[in-house]
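Grab a coffee and work through these short exercises with the model open beside you. Try each task before you read its solution.

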Amino acid sequence: MELDPELVEAFANLKVSTRDISAEELANFDEHAPLRARAEPKHPSFAHIPKFFTPPPPPDDKLRHLLRREAHALFLQQKSDELLNNEELVELWQQLELHVSGTTAKQQQLIDFENYCKLQSVISAKSRKYLTAELFAQLLSNSPYLGCIEILSIYNYTMRKGWITQCRIGLSFYDDVGQGYLREFDMENYIADLIPTLKQLENKLQPAFEKFYVCTVVKKFFFFLDYKHTGRIRILDMLASGYIDELLELRELPQSTDEQLQLSNWFSLPSVLQVYGSFLTLDLDQNGLLSKEELAGFGSGTLTSSFLERVFEECMTYDGQMDYKSYVDFVLALSNRKAIHYLFRILDVEHLGYLTTQTVRYFFKDIQAQLAEPINFDDINNEIFDMVKPKDSCKITQQDLHNCGQAETVVSILIEFHKFWAYENRDEYPQNA
């Protein structure tokens, strides 16, 4: 692996002393002399709590940043070299078949622990890191066969772990800070570099549309994994979420031409075009931004004015209008109402961290205004509190909504008239509820 030219240049221009070094000092310099340990400040707490965190270098220390980046890249390259390649995977499967202990009536090949230990002694050192005694015990605990496990489960585990490690390494290359997380522009760079490898986008993604595609993809990661708005996502959370798997499905050509099936994958081109197309449809004045009046046409067109007013109060806008980035968050929120962190922030009018009867009244008044026959507010309020069953009978927290399992219903009947109507008439028209 070649060194970063910028790092080499920084070393060439490095000043090792604040004064000029004489020829005699240079002649007497011993390059093999051991380096003296750096004096580090000692804090009284170190006697009881060991130091466990080393902060990154200050922003103006360019050389240390370059060294850190180079060391990080070398470490990732080393980890990448430890992964099994295709030939090594084929060899592992062949060895697994050679150490089969028995076969079931359904031709499932099994291996016991004795043969598993023999297998460990003949496979390569790289493979041995995957096939541990702990792995056998873990697979055995879920195996229906006494004392044996399927060799296919071992192979699938090795494949899956290698794939996840490869994804983690790929994401970590974009972690400039080296702290295990990606910022929004790091993620944008990752997606932009990934696009050429996605066969489902090949020759279909116009250059002018690419930035909108990248934005739509990145927004899903940050909407669900950065709901506290820290501006960064842990790489481990990205891997655990399953969204990376969904994104990398686009590397293979679709097995079905069913458009509805493709739309189910948020990262597919038809799905992104649908979101972008809906934005263009709502943008009646074609200024690239949505006003409150234009956004009112979203979905069924029956979102209440109180709700829309709150959306524009809480979300980032430009001169009181919503851009595409904020619109994607809005779409994700209304398409996934069980993920209530976005909608709860909108409903929490007084920023108290909980909803009260007054909150319910504030949003329900717009629903009430559209009804042909008025409904007793106390009945609706009591029904909502009965559904949620909050710990404090007068306050509904975000955690209460999450725990009750009825968050989608509660939120929908407060912000959208046709959802309220469907709920009220759920016995007569169950398919609309």
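**Exercise 1. Find which helix gives the largest share of the lining of the largest cavity, then describe that cavity.**

Start with the helix: H4, residues 86–98, supplies 4 residues, the largest share of the lining. Keep in mind that you're looking at a predicted model. Next, list the whole lining: Glu88, Glu91, Leu92, Gln95, Ile123, Ser124 and Ser127. Sort those by class and you get 2 nonpolar, 3 polar and 2 charged residues. Then the volume: the space in this cavity comes to about 40 Å³. Finally, the search of the whole structure turns up 1 cavity of 30 Å³ or more.

**Exercise 2. Work out the volume of the largest pocket and what lines it.**

First, the volume is about 590 Å³. Of the 22 lining residues, the closest to the pocket centre are Lys219, Asp226, His229, Asp329 and Arg345. Now look for the helices: H10 (207–225), H17 (324–335) and H18 (341–347) each put at least two residues into the lining. H18 gives the most, with 4 residues. By class, the lining of this largest pocket splits into 8 nonpolar, 6 polar and 8 charged residues.

**Exercise 3. Take Asp329 and decide: buried or exposed?**

Locate the residue first: Asp329 sits in helix H17. Its relative accessibility is 18%, and buried means under 20%, so Asp329 counts as buried. Asp329 is also among the residues closest to the centre of the largest pocket. For a sense of distance, compare Asp329 with Glu134: they are 195 residues apart in sequence, and their C-alpha atoms are 42 Å apart in space.

**Exercise 4. Do the same pocket analysis for the second largest pocket.**

Begin with the space inside, about 420 Å³. The pocket has 21 lining residues, and the closest to its centre are Phe75, Lys79, Thr165, Arg168 and Ile169. Helices H3 (62–81), H8 (151–172) and H11 (235–241) each supply at least two residues of this lining. H8 accounts for the largest share, 5 residues. The class count for the second largest pocket is 8 nonpolar, 5 polar and 8 charged residues.

**Exercise 5. Check the length of H3 against what its residue count predicts, then see where its buried residues fall.**

H3 has 20 residues, and at 1.5 Å a residue they should span 28 Å. The end C-alpha atoms of H3 are 29 Å apart, which agrees. Now pick out the buried positions in H3: Leu63, Leu66, Glu70, Ala73 and Leu76. Viewed down the axis of H3, the buried residues fall within an arc of 160°, so they line one face of the helix.

**Exercise 6. How many disulfides does the model have, and what about Cys148 and Cys404?**

The count comes to 0 disulfides, using a cut-off of 2.5 Å between cysteine sulfur atoms. For Cys148, the nearest cysteine sulfur belongs to Cys117 and is 13 Å away, and Cys148 is in no disulfide. Cys404 is in no disulfide either, with the sulfur of Cys394, its nearest, 17 Å away. As a last step, look at the accessibility of Cys148: at 15%, this residue counts as buried.

How values were computed: Residues are numbered from 1 along each chain as its sequence is written. This is a predicted model: local features need pLDDT of at least 70, side-chain atom pairs count only at pLDDT 80 or more; totals for chains, interfaces and linings use all residues. Side-chain values use heavy atoms; hydrogens and water are left out. On a 1 Å grid over the protein atoms alone, a cavity is a set of points where a 1.4 Å probe fits but cannot get out, and a pocket is an open set with protein on both sides within 12 Å along at least five of seven lines; lining residues have an atom within 4 Å of a point. Grid points are joined across faces, edges and corners, and a volume is the space filled by probe spheres set on the points. Ala, Val, Leu, Ile, Met, Phe, Trp, Tyr, Cys and Pro count as nonpolar, Asp, Glu, Lys and Arg as charged, and the others, Gly among them, as polar. The expected span of a helix is 1.5 Å times one less than its number of residues. Buried means under 20% relative accessible area, exposed over 50%, partly exposed in between (1.4 Å probe, protein chains only). The arc is that of the directions from the helix axis to the C-beta atoms.
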